[in-house]
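Visitor: Hi, could you walk me through this one?
Guide: Happy to, let's bring it up and start with the helices.

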Amino acid sequence: MPDDRRRYRNEVERLLERIRVLVGDLQLSAVRGLKGPALSDKKKELKQTRRELAALVAASSH
């Protein structure tokens, strides 16, 4: 497998794993009753990670 393709795959996998972890953390926090500011940093990080993944996938399709 070419290095570029391997790097792309590894980065996609890393971002997907980070998204899984953040979603799990947010779900657990919701179960524990946390609200508002307590969740805002994780929500921001999740949004940013999703944007990174979308940009990476979009860039690879051109």
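**Two helices, face to face**

Guide: In this predicted model, the buried residues of helix α2 are L39, L46, T49 and L53.

Visitor: And what do the buried residues of α2 pack against?
Guide: They pack against α1.

Visitor: Which residues of α1 are buried, then?
Guide: The list for α1 is V12, L15, I19, L22, L26 and S29. These buried residues pack against α2.

Visitor: Any textbook reason for spacings like that?
Guide: An α-helix has 3.6 residues a turn, so residues three or four places apart point the same way.

Visitor: OK, geometry now. At what angle do the axes of α1 and α2 cross?
Guide: At roughly 155°, and the axes come within 10 Å. Angles over 145 degrees count as roughly antiparallel, so that is the label for α1 and α2.

Visitor: Is the crossing left-handed or right-handed?
Guide: The crossing of α1 and α2 is left-handed.

Visitor: What residue classes make up the contact of α1 with α2?
Guide: There are 13 nonpolar, three polar and nine charged residues in that contact.

Visitor: How many residues does α1 have, and how far does it reach?
Guide: α1 covers residues 3-31, which is 29 residues. From first C-alpha to last, α1 reaches 42 Å, close to the 42 Å expected at 1.5 Å a residue.

Visitor: And how far does α2 reach?
Guide: α2 runs over residues 37-60 and has 24 residues. The reach of α2 is 35 Å between its first and last C-alpha, close to the 34 Å expected.

Visitor: Back to S29. Why does S29 count as buried?
Guide: Because its relative accessibility is 13%, and the cut-off for buried is under 20%.

Visitor: What is S29 in contact with, leaving aside its neighbours within four places in sequence?
Guide: L34 and L39. L39 is one of the buried residues of α2.

Visitor: What about L16, also in α1? Buried or partly exposed?
Guide: L16 counts as partly exposed, because its relative accessibility is 34%.

Visitor: How far apart are L16 and T49?
Guide: They are 33 residues apart in sequence, and their C-alpha atoms are 8.5 Å apart in space. T49 is among the buried residues of α2.

Visitor: Last one: which residue takes a positive phi just after α1?
Guide: That's G33, with a phi of about 90°.

Key
Residues are numbered from 1 along each chain as its sequence is written. This is a predicted model: local features need pLDDT of at least 70, side-chain atom pairs count only at pLDDT 80 or more; totals for chains, interfaces and linings use all residues. Side-chain values use heavy atoms; hydrogens and water are left out. Helices (H or I, at least four residues) and strands (E, at least two) are DSSP runs, numbered from the N terminus. Buried means under 20% relative accessible area, exposed over 50%, partly exposed in between (1.4 Å probe, protein chains only). Contact means heavy atoms within 4.5 Å. Axes are lines fitted to C-alpha atoms, for helices over the stretch in contact, and angles run from 0 to 180 degrees between N-to-C directions. Angles under 35 degrees count as roughly parallel, over 145 as roughly antiparallel, 65 to 115 as roughly perpendicular and the rest as oblique. A crossing is left-handed if the near helix is turned anticlockwise from the far one by less than a right angle, and right-handed if clockwise. Ala, Val, Leu, Ile, Met, Phe, Trp, Tyr, Cys and Pro count as nonpolar, Asp, Glu, Lys and Arg as charged, and the others, Gly among them, as polar. The expected span of a helix is 1.5 Å times one less than its number of residues.
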